[in-house]
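Trainee: Before we discuss this model, could you take me through the terms one by one and set each value against its definition?

Mentor: Gladly; let us look at it together.

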Amino acid sequence: MSSNNTAGQVIRCKAAVAWEAGKPLVIEQVEVAPPQAMEVRLKILFTSLCHTDIYFWEAKGQTPLFPRIFGHEAGGIVESVGDGVTDVRPGDHVLPVFTGECKECRHCKSEESNMCELLRINTDRGVMLNDGKSRFSINGKPIYHFLGTSTFSEYTVVHVGCVAKINPKAPLDKVCILSCGISTGLGATLNVAKPKRGSFVAVFGLGAVGLAAAEGARISGASRIIGFGVSEFLCPKDFEKPVQEVIAEMTDGGVDRSIECTGSIAAMISAFECVHDGWGLAVLVGVPNKDDSFKTHPMNILNERTLKGTFFGNFKPRSDLPSVVEKYMNKELELEKFITHEVPFSEINKAFAYMLQGDSLRCIIRMEA
Ligand SMILES: [Zn+2]
Ligand SMILES: [Zn+2]
């Protein structure tokens, strides 16, 4: 294993710190402590902005935790590793992921689950598991982590269970978007909905996640992909009758598969009720409001429709993401169409503006000038 001159040392570097909810991030000089047991320190090369960053930065629906370093979609290179880390070493190219895979728990050992007990997403935690402390500080004052990733920093420390080691030939400025949203939508289709070649697929919500679900349908050979959620496609508000009835008329009784990526409870119910009886399957991806409840007549289920939900597209981050990267490398999966903007790290607040204005699917933030 090659040693480098920063291993074991505190690294001083730039990070975009959110000092307060909803206020522009400030590029600060931070200190990043060395990785502890089962942790790795990464040099982030590219990161991108996801709605989840915005949601927690705005801090309207949860207990605010500031100052904090956001960011959870990224590509980087391992700088150094802590005790007990054997899966990755300095120089490896990796994608940090907001949810992990310890490989030891019942979920990790189940072929059917990716909801690791140890490293499952925790939006409230702002510290590392090993010692309950942050690895980031400014003049000795801790700056909190976000989703165990905090990729809006030139260097970050992540649990080894939350990094996927990928093909070093893969361009990190493209595959970094597989850390979260794109894999979530893609996996919902490829791993859960599993449409057969020639089938009809409806996708609700045409942001990055919904478009990735549609990309999964394209890869699966769906013959018809019906999208809802933006003006040039079908817009549910344009119809007098429930959208599920419109779809049933358009498709001779319903689609074979539907994927719901908005989080709107009405869209979830439409997504379920628009699948064909006898075999239709709907997959819920979007996160609903706290007080929502899902109502449908039980006959819709008795008539042989299936409802499923998924988290991170059912991908196990360490085991499965490398092969998703390979799908991009062998041109089976397109990623360029999701990347609408790019900014240097110094202009990271522009990425927030693009997303808030609804202009961007993914904005790549380049860490090096
Ligand atoms: Zn686990
Ligand atoms: Zn995300």
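Trainee: How much space lies in the largest pocket?

Mentor: About 1,400 Å³ lies there, a volume being the space filled by probe spheres set on grid points that are joined across faces, edges and corners. This is a predicted model, in which local features need pLDDT of at least 70 and side-chain atom pairs count only at pLDDT 80 or more, whereas totals for chains, interfaces and linings use all residues. Residues are numbered from 1 along each chain as its sequence is written, chains are lettered from A and ligands numbered from 1 in the order in which they are written, and side-chain values use heavy atoms, with hydrogens and water left out.

Trainee: What makes a residue part of the lining of the largest pocket?

Mentor: A lining residue has an atom within 4 Å of a point of the pocket, which is an open set on a 1 Å grid over the protein atoms alone, with protein on both sides within 12 Å along at least five of seven lines. The lining has 38 residues, among them Thr52 and Val285, which belong to those nearest the centre. Helix 1 gives the largest share, 6 residues, a helix being a DSSP run of H or I with at least four residues, and a strand a run of E with at least two, both numbered from the N terminus.

Trainee: Which atoms coordinate the zinc ion (ligand 2)?

Mentor: They are Cys50 (SG), His72 (NE2) and Cys180 (SG), at 2.0 to 2.1 Å, and these distances satisfy the rule that donors are N, O and S atoms within 2.8 Å of the metal (3.2 Å for Na, K and Ca), although water is not among the atoms, so sites may look incomplete. The donors follow the spacing C-x21-H-x107-C. Cys50 lies in the loop between strand 3 (39-48) and helix 1 (51-58), and Cys180 in the loop between helix 3 (172-175) and helix 4 (181-193), so the pair ties together parts that are 130 residues apart in sequence.

Trainee: Why is Cys50 called buried?

Mentor: Its relative accessible area is 6%, and buried means under 20%, exposed over 50% and partly exposed in between (1.4 Å probe, protein chains only). Cys180, at 8%, is therefore buried by that rule.

Trainee: Is Asn114 buried or exposed?

Mentor: Asn114 counts as buried, at 5% relative accessibility. The side chain of Asn114 reaches the backbone oxygen of Phe315 at 2.8 Å.

Conventions
1 Å grid on protein atoms, 1.4 Å probe; cavity = no way out; pocket = protein on both sides within 12 Å on 5 of 7 lines; lining within 4 Å. Polar contact = N/O pair within 3.5 Å; in protein donor to acceptor, adjacent residues only side chain to side chain.
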